[in-house]
Amino acid sequence: MDFLSKKRVKNNGHAAQYYVEDSHPPIISKEEFAAVQLEFERRTNLRGYSKTGKSKFTSDYAFSGKLFCGNCGSKFRRTKWGRGKNQQILWICINHQITGACDMKSVKEKALEQAFLRVMNRLIGSKGALLSERDGNDVGQSANEDVECEWVWRDRKREEFKAYLSTQGSLLDKFDEDLFQRLIEKVKIQSMVEAVFVFRAGNEVREIL
Ligand SMILES: [Zn+2]
């Protein structure tokens, strides 16, 4: 149909050609592409932990790869102790578990979660002072690009941390895996009753387990 003349025109191949060109939408639209990109970022930044503490997107737990032995430097691994109702989730120095060469005792997952919660609530509680504090930005010149990148990265993390604190209106009432992942670079386990939380922003906070 020719819509200008409202006359049926002989199909000389033009209509068919038009149809082919116009009915091939891109496999995904720009908007869909942007949405997919956002989803990738979301999964990277926010790992979507389920109630069991296990990530929905990876095989990791919140503490996976984050705990280090203050005694020997080894990473910690997750392990279960006991059965049924009395079962406890523990994190244990891999060196201790495999070789016995390190005498670090295991720590309870619940104790680590509660310790992080207390640390965060202390920080949120004193955020007024923290936010008005001037950054000790004595970066200076450096010949080493890696060190400079590290500074830039820390600066950005410090800004993110401050942004988080300034928008966090109330104290936290439960452990938040995503927040832990976002803010914490690592946790040094000093003993079965003491840990040091190392923030990506650069600050370190000691806490009793
Ligand atoms: Zn160890």
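Which residue in strand 6 is the bridge partner of I184? The partner is F199. The notes below concern a predicted model.

1. Overall content. The protein chain contains seven helices and seven strands. Their order along the sequence is α-α-β-β-β-α-β-α-α-α-α-β-β-β. Of its 209 residues, 14% count as buried. Among contacts with a separation of 6 or more, 43% join residues 24 or more positions apart.

2. The four-stranded sheet. Strands in the order 1-5-6-7 make up an open sheet with mixed pairing. Strand 1 (67-69) and strand 7 (204-208) are the edge strands, each pairing on one side only. From one strand to the next, the twist averages 25°.

3. Strands 5 and 6. Within that order, strand 5 stands next to strand 6. The two run antiparallel and are joined by six bridges. The pair from the opening question belongs here, with F199 of strand 6 as the bridge partner of I184. As background, strands of a sheet pair through backbone hydrogen bonds, either parallel or antiparallel.

4. The hairpin. Strand 2 (residues 76-81) and strand 3 (residues 88-93) run antiparallel and share six bridges. They form a hairpin, with six residues between them. In the turn, G82 has a positive phi of about 85°. One bridge links R78 to W91 in strand 3.

5. The other partner of strand 3. Strand 3 is also joined to strand 4 (residues 107-108), by two bridges, and this pairing is antiparallel. Here W91 has V107 of strand 4 as its bridge partner. W91 thus appears in both pairings, with R78 as one partner and V107 as another.

6. The nonpolar core. The largest nonpolar core has 21 residues. W91, L112 and I189 have the most contacts inside it. Two or more residues each come from strand 3, helix 4 (109-125), helix 7 (177-183), strand 5 (184-191) and strand 6 (194-199). In soluble globular proteins, nonpolar side chains tend to be buried together.

7. Surroundings of W91. Which residues does W91 touch, not counting those up to four places away in sequence? They are F63, L67, F76, R77, R78, S106, V107, E109 and L112. Both bridge partners are in this list, namely R78 and V107. L112, also listed, is another of the residues with the most contacts inside the largest nonpolar core.

Methods
Residues are numbered from 1 along each chain as its sequence is written. This is a predicted model: local features need pLDDT of at least 70, side-chain atom pairs count only at pLDDT 80 or more; totals for chains, interfaces and linings use all residues. Two strands pair if DSSP finds at least two bridges between them. A residue is buried if 20 or more other C-beta atoms lie within 10 Å of its own, exposed if 12 or fewer, and partly exposed in between; C-beta atoms are placed from the backbone. Two residues are in contact if their C-beta atoms, placed from the backbone, lie within 7 Å. A nonpolar core is a set of buried Ala, Val, Leu, Ile, Met, Phe, Trp, Tyr and Cys residues joined through C-beta atoms within 7 Å. Axes are lines fitted to C-alpha atoms, for helices over the stretch in contact, and angles run from 0 to 180 degrees between N-to-C directions.
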